[in-house]
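Subject: Structure handover and notes

Dear colleague,

Here is the structure for you to take over. My notes on it follow below.

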Amino acid sequence: MDKDDTQTLEAAAETLTGAQMVIRALKDQGVTHLFGYPGGAVLPIYDALFKANDITHVLVRHEQGAVHAAEGYARSTGKPGVVLVTSGPGATNAVTGLTDALMDSIPLVVLTGQVPTHLIGTDAFQECDTVGITRPCTKHNWLVKNVNDLSRVLHEAFDIATTGRPGPVVVDIPKDVQFQSGDYHGPQAIHHRTYRPKTDPDQAAIVKAVEMMAAAKRPIIYSGGGIINSGPEASKLLRELVDLTGFPITSTLMGLGAFPASRPEWMGLVGMHGTWEANHAMHDCDLMICLGARFDDRVTGKVSSFSPGSKKIHLDIDASQINKIVHVDLGIVADAAKALREIIRVWKAQKHKVQTEALKAWWKQIDTWRQKKSLSYRNSDRLIKPQYAIDRLYALTRDKGEVYITTEVGQHQMWAAQRFHFEEPNRWMTSGGLGTMGYGLPAAVGVQMAHPDALVIDIAGEASVQMTMQEMSTAMQYDLPIKIFILNNEYMGMVRQWQEILHGGRYSHSYSEALPDFVKMAEAFGCIGLRAERPDELDDKIKQMLSVRKPVLFDCRVDPTENCYPMIPSGAAHNEMLLSPDDGGEISDAGKMLV
Amino acid sequence: MHDTKIKPSDEVERHTLTVLVDNEAGVLARVVGLFSGRGYNIESLTVAEVDPISRTSRITIVTSGTPAVIEQIENQLRRLVPTHKVTNWSSQKAGIEREMALIKVSGSGDKRVEALRMADAFRARPVDTTHASFVFEITGAPGKIDSFIDLMRPLGLVEVSRTGVAAISRGPEAM
């Protein structure tokens, strides 16, 4: 053993079985957690895993849960999430999570078993065309037919998932390849033939950006998930840029936490359910500085009326995002941290100053928009308003140190994004691009695995949470004290809201009929169930939830008719927001066609 | 300010793109899937391995779209992991485009004589001849092949097989 040590350092090939290579590659990549579910076509890998003590395998209850858990793990740590599932249904069940991770740029390495190579194409038991099915929902994927390619592919998989614009990758490994022996090479030997993500900014573009910023009279920073994906350094630099310029800043759903919500420059969320001030400032600005966001339709509203008078700078690591939706005046293709560092350096070196007087007037305008208090709501002493529930949850967890929030998808997600304020990146895990109901509970499992001592809360809806409810069992098995805070309004709330506004109040199949008793359900899983029905009992119940070191299902019964405001109706512009139901809100026929 | 901004044109243009890719399993499916998944057009597509030692394939695609869509197509193609290089012959570089077609014409008498005379004018070569038919081989720019096919139509056109466009740059440099 000691004699061989020098050889390993020189990265000489070792002979291992395919299954052993998988485990060895995971260790060489620094993987400590693996989310998975065994099955026939991955048994050799599970056998190799049986002897591996330094990788924690988290057995989920459904492969979709494995992928979302890995997403939560990845988003909260900045490391890639790793998944191991079997062929056929194991792979197809992972597809929702893969698509979710692709849309939100989450680095995942998903290993799938495949039927033995001689059975591929014969409709064998639990066979499916995994690489064919996952091609459009991965950044890249591989079917490894030769065991001698396996270690290279595995290391390439980690490299591609985590560099450039991050995303999910799939490595499909036939069962016979897992049994065969071949040469294993370490990660250092990898040099990809074509893949060269561009991360360094073009210097001329940086200089131009700085000049545009110095000349701006009504600037706005519109930041996104790219800042978070770039790593903690990018968030620090973003703060420094705001220190330097005093520019107002808003963020997409994915970018929350990159800039502290407590700072005066923070204007809150942008877009369909963003604040009045953020959306009006986006509409009226003369310079939009888009940092790691992608002009999603939930942000832009009606594209032809989107910020019509502004020049736009767009920083993105993915060249295909520039000019995709909105034509911009200056595109910068680079890693966010690298570009921000350069912008700050050039700004300081050239001793730039902002347009102080103009900026003062701009802030005055922003302050009048803020006076609208667009997130206000009419509270009740009889019913728990969902906004009130989020406010109390936030207030009662502020002193709890590390708090991680995951969400499902719908009204509760938007209320959480509006009202649960973040000071740090990587604390907010939500399904933005794909809008996957059922994301939050398994994501919380993944977050808690990575941060065993932190407070992890899934802000949920009663409809979403039922989609992946079985992962409560996973939380129990691994002693994960996740808190599932269900805003139970007995409706698919966002569907109901749209049916009210767009479809004449015809609530077609959006009522959550035959709901389970969540308290009893919690007990059946062996965790704690709590219920709050009146505003005056909410605080005590939340405190009770926070005091137990066990998974909790919290059934918070809220006003079933409350709608999420403010809202930019479909097909409308940023300055056509609705603040409340009293605003009416005529939706154009074109708007009705939109999702 | 928006009044003075140069608005990108909304006119649909035809562009010829060449993509140099690693010839790995599924690479054509990635390219084709990109076009179908994002709703882009493919008017013709030609693919073959061009360097067996470095295992690279050359895919030439004729597509159409507004300038913004064409820019997206190029960027999306560059984003594919096995892509080495993307060149747009219609907007970036001077290139030569050629296509080959096999065209079957059947007929007798004057029409048959006329078909042969036209073929000669277009430098189309008969590669199969029977008493009742010809198969012509024609090479040229796609427009020339279109014209030849139009001329053959009243003279007994039976069927057409086209290779799609191959393109290469003028001058000593590679793409």
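Which residue of β8(B) does B:Val105 stand opposite? The partner is B:Leu157. Please keep in mind throughout that this is a predicted model.

Chain B, overall

Chain B has 4 helices and 8 strands. Along the sequence they come in the pattern β-α-β-β-α-β-β-α-β-β-α-β. The radius of gyration of the chain is 20 Å, well over the 16 Å given by the globule rule for 175 residues, so chain B is more spread out than a compact globule. Taken along the principal axes, its C-alpha atoms fill a box of roughly 65 × 50 × 35 Å. Of the 175 residues, 26% count as buried. Among the contacts in chain B with a separation of 6 or more, 73% come from residues 24 or more positions apart.

The four-stranded sheet of chain B

The pair B:Val105 and B:Leu157 belongs to the pairing of β5 (residues 95–106) with β8(B), which is antiparallel and extends over 10 bridges. These strands are part of an open sheet of 4 strands, in the order β6-β7-β5-β8 and with antiparallel pairing. Why is one side of β6 and of β8 left without a neighbour in the sheet? Both β6 (125–129) and β8 (157–169) stand at the edges and have a single partner strand each, so one side of each has no neighbour there. On average, neighbouring strands of this sheet are turned by 15° against each other, direction ignored.

On its other pairing, β5(B) runs antiparallel to β7(B), joined to it by 8 bridges. Within that pairing, B:Lys104 has B:Val135 of β7(B) as its bridge partner. B:Val135 is also the bridge partner of B:Asp128. The strands β6(B) and β7(B) pair over 4 bridges in the antiparallel sense, and they form a hairpin with 3 residues between them.

Helix α4 (residues 142–152) of chain B lies across β5, β7 (133–140) and β8, and runs at about 15° to β5(B).

B:Thr66

B:Thr66 sits in the loop between β3 (56–65) and α2 (67–79) of chain B. Is this residue buried or partly exposed? With 14 other C-beta atoms within 10 Å, B:Thr66 is partly exposed; a buried residue would need 20 or more. Leaving aside residues up to four places away in sequence, B:Thr66 touches B:Ser9, B:Asp10, B:Glu11 and B:Val12. Its C-alpha atom is also separated by 5.9 Å from that of B:Glu13, although the two residues are 53 residues apart along the chain.

The contact between the chains

How many residues does each chain bring to the contact? Chain A gives 17 residues and chain B gives 21 residues. On the side of chain A that touches chain B, the residues divide into 7 nonpolar, 6 polar and 4 charged.

The six-stranded sheet of chain A

Chain A holds an open sheet of 6 strands with parallel pairing, in the order β11-β10-β9-β12-β13-β14. Here β11 (266–269) and β14 (330–333) stand at the edges; each has a single partner strand, so one side of each is left without a neighbour in the sheet. Neighbouring strands are turned by 15° against each other on average, direction ignored.

Strand β10 (residues 249–251) of chain A runs parallel to β11(A), and 2 bridges join them. In this pairing A:Ser251 has A:Leu269 as its bridge partner. Helix α13 (residues 276–284) packs on the sheet and touches β9 (219–223), β10, β11 and β12 (287–291) of chain A. The direction of α13 makes about 100° with that of β11(A).

Helix α21 of chain A

Which residues of α21 (residues 493–502) of chain A are buried? They are A:Gly493, A:Met494, A:Arg496, A:Gln497 and A:Ile501. Seen down the axis of α21(A), these residues fall within an arc of 160°, so they line one face of the helix. They pack against α18 (411–419) and β17 (455–461) of chain A. After α21(A) comes A:Gly504, which has a positive phi, near 60°.

Regards

Note on methods
Residues are numbered from 1 along each chain as its sequence is written. Chains are lettered from A and ligands numbered from 1 in the order in which they are written. This is a predicted model: local features need pLDDT of at least 70, side-chain atom pairs count only at pLDDT 80 or more; totals for chains, interfaces and linings use all residues. Two strands pair if DSSP finds at least two bridges between them. Axes are lines fitted to C-alpha atoms, for helices over the stretch in contact, and angles run from 0 to 180 degrees between N-to-C directions. Two residues are in contact if their C-beta atoms, placed from the backbone, lie within 7 Å. Ala, Val, Leu, Ile, Met, Phe, Trp, Tyr, Cys and Pro count as nonpolar, Asp, Glu, Lys and Arg as charged, and the others, Gly among them, as polar. A residue is buried if 20 or more other C-beta atoms lie within 10 Å of its own, exposed if 12 or fewer, and partly exposed in between; C-beta atoms are placed from the backbone. The arc is that of the directions from the helix axis to the C-beta atoms. The radius of gyration is taken over C-alpha atoms; the globule rule is 2.2 Å times the number of residues to the power 0.38.
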